[in-house]
Structures are given as C-alpha cells and as structure tokens.
Amino acid sequence: MSTITKEVYIPTSHKINLDVELPADCPTGAAVITLIVEAKDKQTQDKPPKPKNRIAELYGIYEGQIWTSDDFDAPLEDFAEYM
C-alpha cells in the first residue's frame, strides 16, 4: 500500500480532477483509492493555487530529436506534371 498526498483547491462546484503520477512500484490493475479531505487554515483556503503551466513544461522535451529536411519545401518530382 502507498500513501500519496496532493494539495488541491476545492471550488464551489465541489468537483476536482486529480492528476497524480503514481510511483513506479505501484501495482497495476484493480485498486481502491481512498480520498481524505482535511480543511486547511482559513487564509489558504480562500485562495486557489496557481495553476501549473503544463505547456511550458513541454517546451524543449523533444529538443534534438526532431528535424526538418533542408529541401522540405522543394517541389516533389512525382507531382511535377500537376504543377
């Protein structure tokens, strides 16, 4: 059994989406997840956390792995008769 803690902001709609990366040693297959809600102090309760900029996390993830040929925009010989 593993214990995972994640702080979230509960909006007035009372709906949350949990995006949690589980440890590699966590078994796959059927599981039971227990959610325990503990109220934080009132000062931090009124302020929603700043959302993560997930797009910024992805910039550069494939750096050096993707390339474009120098003649990418050159006409293709197979389609010369149509041009």
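This passage walks through the surface, the fold elements and a few individual residues of the structure shown above.

The structure is a predicted model. In this model the protein has 2 helices and 0 strands. Its accessible surface comes to about 9200 Å², and carbon and sulfur atoms account for 55% of that area. How much of the protein is buried? Of the 83 residues, buried ones make up 0%. A residue is called buried here when its relative accessible area is under 20%, so the values given below for individual residues can be read against that cut-off.

A good place to begin is the nonpolar part of the surface. Nine names appear in one patch: I4, V8, I10, I16, L18, V20, L22, L35 and V37 together make a nonpolar surface patch of about 770 Å². Two members of this patch help to picture it. V8 is found in the segment before α1, and L35 also belongs to the segment before α1, a helix that spans 42-45. Are these two residues partly exposed or exposed? V8 counts as partly exposed because its relative accessibility is 38%, whereas L35, with a relative accessible area of 60%, is exposed.

V8 also shows how parts of the chain that are separated in sequence can meet. Once the neighbours within four places in sequence are set aside, V8 is in contact with I16 and L18. Both of these partners are listed in the nonpolar patch as well. For V8 and L18, the separation is 10 residues in sequence, while their C-alpha atoms are 8.3 Å apart in space.

The segment before α1 holds another residue worth a look, H14. Most residues other than glycine have a negative phi. H14 is not a glycine, yet its phi is positive, at about 60°. The relative accessible area of H14 is 66%, so this residue is exposed.

Finally, what can be said about the aromatic rings? A pair of such rings is described by the distance of the centres and the angle of the planes. The count in this model comes to 1 aromatic pair. F79 and Y82 form this pair, with 6.3 Å from centre to centre and 50° between the planes. The arrangement is classed as tilted because the angle is neither under 30 degrees, as in stacked rings, nor over 60, as in edge-to-face ones. F79 is partly exposed, with a relative accessible area of 44%, while Y82 is exposed at 63%.

Key. Residues are numbered from 1 along each chain as its sequence is written. This is a predicted model: local features need pLDDT of at least 70, side-chain atom pairs count only at pLDDT 80 or more; totals for chains, interfaces and linings use all residues. Side-chain values use heavy atoms; hydrogens and water are left out. Patches are made of residues with over 30% relative accessible area and no salt bridge: like charges are joined within 9 Å, nonpolar side chains (Val, Leu, Ile, Met, Phe, Trp, Tyr) within 5 Å. Accessible areas come from the Shrake-Rupley method with a 1.4 Å probe; for residues, only the protein chains shown count as cover. A salt bridge is a side-chain nitrogen of Lys or Arg within 4 Å of a carboxyl oxygen of Asp or Glu. Helices (H or I, at least four residues) and strands (E, at least two) are DSSP runs, numbered from the N terminus. Buried means under 20% relative accessible area, exposed over 50%, partly exposed in between (1.4 Å probe, protein chains only). Rings of Phe, Tyr and Trp (its six-membered ring) pair if their centres lie within 6.5 Å; planes under 30 degrees apart count as stacked, over 60 as edge-to-face and the rest as tilted. Contact means heavy atoms within 4.5 Å.
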